[in-house]
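Please examine the fold shown below, and follow the account from a single residue outward to the strands, the core and a pocket.

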Amino acid sequence: MLMRSEPFTEVNRIAQQLFGVPATGTWSRPTAMPADAYRNGDEFVIAFDLPGVDADAIDIDVERNVLTVRAERRPIALGDQATVQLSERPLGVFSRQLFLGDALDTDHIDAAYDNGVLVVRIPVAEKAKPRKISVAAREHTEQKVITS
């Protein structure tokens with residue numbers, strides 16, 4: 001149902017976690033966002049962690065079975081008197097692309113954002129849902145034995 005993508009972005013994300021270097025993503029080199037994906041009955045659910053991102057800074061597109069989620073975390077306006085003492089929260093642009101299988105109905109995607117988590121729900125296509133196949137019984141005709 002879902003194929004992972006962006007192998008180099010994944011390597012970059014793992015390196016950031018290992019070395020503790022906060023990254024600043026740009027529109028040309030966005031930072032990856034963590035996600036969980038699972039199937040729940042007749043829908044596929046993907047949850048993206050986007051704490052501190054305004055809902056209007058999230059952009060979701062689907063084209064040719066590729067789901068793209070982009071978001072931007074902007075710095076907090078601190079004023080002229082503020083001096084930074086500690087800065088660990090990553091800022092900038094975050095992006096994630098996921099290849100969706102043909103078994104998903106990309107025409108009916110739903111997204112909700114609450115408490116810093118973006119949840120995208122994609123229904124399983126009708127053609128991919130399990131269904132019963134009825135078996136028709138044929139009438140048996142008796143075969144005549146011809147003797148000469």
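In this predicted model, V53 touches I58, A71, E72, R73 and Y113 when residues up to four places away in sequence are left out of the count. V53 lies in the loop between strand 3 and strand 4. Its relative accessibility is 5%, and V53 therefore counts as buried, the limit being under 20%. One of its partners is A71; the C-alpha atoms of V53 and A71 are 7.2 Å apart, while the two residues are separated by 18 positions in sequence.

A71 also has a place in a strand pairing, since I58 stands opposite A71 in strand 5. Both I58 and A71 are thus among the residues that V53 touches. Strand 4 and strand 5 run antiparallel and are joined by six bridges. Strand 4 covers residues 58-63, and strand 5 covers residues 66-73. The two strands form a hairpin with two residues between them, in which R64 takes a positive phi near 50 degrees. R64 is not a glycine, although its phi is positive. Is R64 buried or exposed in this loop? With a relative accessibility of 77%, R64 counts as exposed, because the limit for that class is over 50%.

A second hairpin is formed by strand 2 and strand 3, again with two residues between the strands. Strand 2 comprises residues 35-40 and pairs with strand 3 in the antiparallel sense over six bridges. N40 has E43 of strand 3 as its bridge partner. In the turn, G41 has a positive phi of about 65 degrees. D42 also belongs to the loop between strand 2 and strand 3. Its relative accessibility of 44% places D42 in the partly exposed class. Which residues does D42 touch beyond four places in sequence? They are P123, V124 and K129. For D42 and K129, a separation of 87 residues in sequence corresponds to a C-alpha to C-alpha distance of 7.5 Å.

V124, one of the residues touched by D42, also serves as a reference point for G101. The C-alpha atoms of G101 and V124 are 9.8 Å apart, and the residues are 23 positions apart in sequence. G101 is found in the loop between strand 6 and strand 7. A relative accessible area of 16% makes G101 a buried residue.

Another loop, between strand 7 (110-114) and strand 8, contains N115. Phi of N115 is near 55 degrees, a positive value in a residue other than glycine. N115 is exposed, with a relative accessible area of 74%.

These local features can now be placed in the chain as a whole. The chain has one helix and eight strands, and along the sequence these elements follow the pattern β-α-β-β-β-β-β-β-β. Of its 148 residues, 28% count as buried. Among contacts with a separation of 6 or more, 58% are between residues 24 or more positions apart.

What does the largest nonpolar core contain? It has 19 residues, and those with the most contacts inside it are I46, F48, L50, L118 and I122. The elements that contribute two or more residues to this core are strand 3 (43-49), strand 5 (66-73), strand 6 (92-100) and strand 8 (117-123). L118 illustrates the contacts of one core residue: with neighbours within four places in sequence left aside, L118 is in contact with I46, A47, F48, L50, I58, I60, V69, A111, A112 and Y113. I58 and Y113 are thus contacts of L118, and the two residues are also touched by V53.

The account ends with open space in the model. Rolling a probe the size of a water molecule over the atoms shows where empty space is left. The second largest pocket has a volume of about 260 Å³. Its lining consists of P75, I76, L78, V84, L86, S87, E88, R89 and L91. These residues divide into six nonpolar, one polar and two charged; S87 is the polar member, while E88 and R89 are the charged ones.

How values were computed. Residues are numbered from 1 along each chain as its sequence is written. This is a predicted model: local features need pLDDT of at least 70, side-chain atom pairs count only at pLDDT 80 or more; totals for chains, interfaces and linings use all residues. Side-chain values use heavy atoms; hydrogens and water are left out. On a 1 Å grid over the protein atoms alone, a cavity is a set of points where a 1.4 Å probe fits but cannot get out, and a pocket is an open set with protein on both sides within 12 Å along at least five of seven lines; lining residues have an atom within 4 Å of a point. Grid points are joined across faces, edges and corners, and a volume is the space filled by probe spheres set on the points. A nonpolar core is a set of buried Ala, Val, Leu, Ile, Met, Phe, Trp, Tyr and Cys residues joined through side-chain atoms within 4.5 Å. Buried means under 20% relative accessible area, exposed over 50%, partly exposed in between (1.4 Å probe, protein chains only). Helices (H or I, at least four residues) and strands (E, at least two) are DSSP runs, numbered from the N terminus. Contact means heavy atoms within 4.5 Å. Two strands pair if DSSP finds at least two bridges between them.
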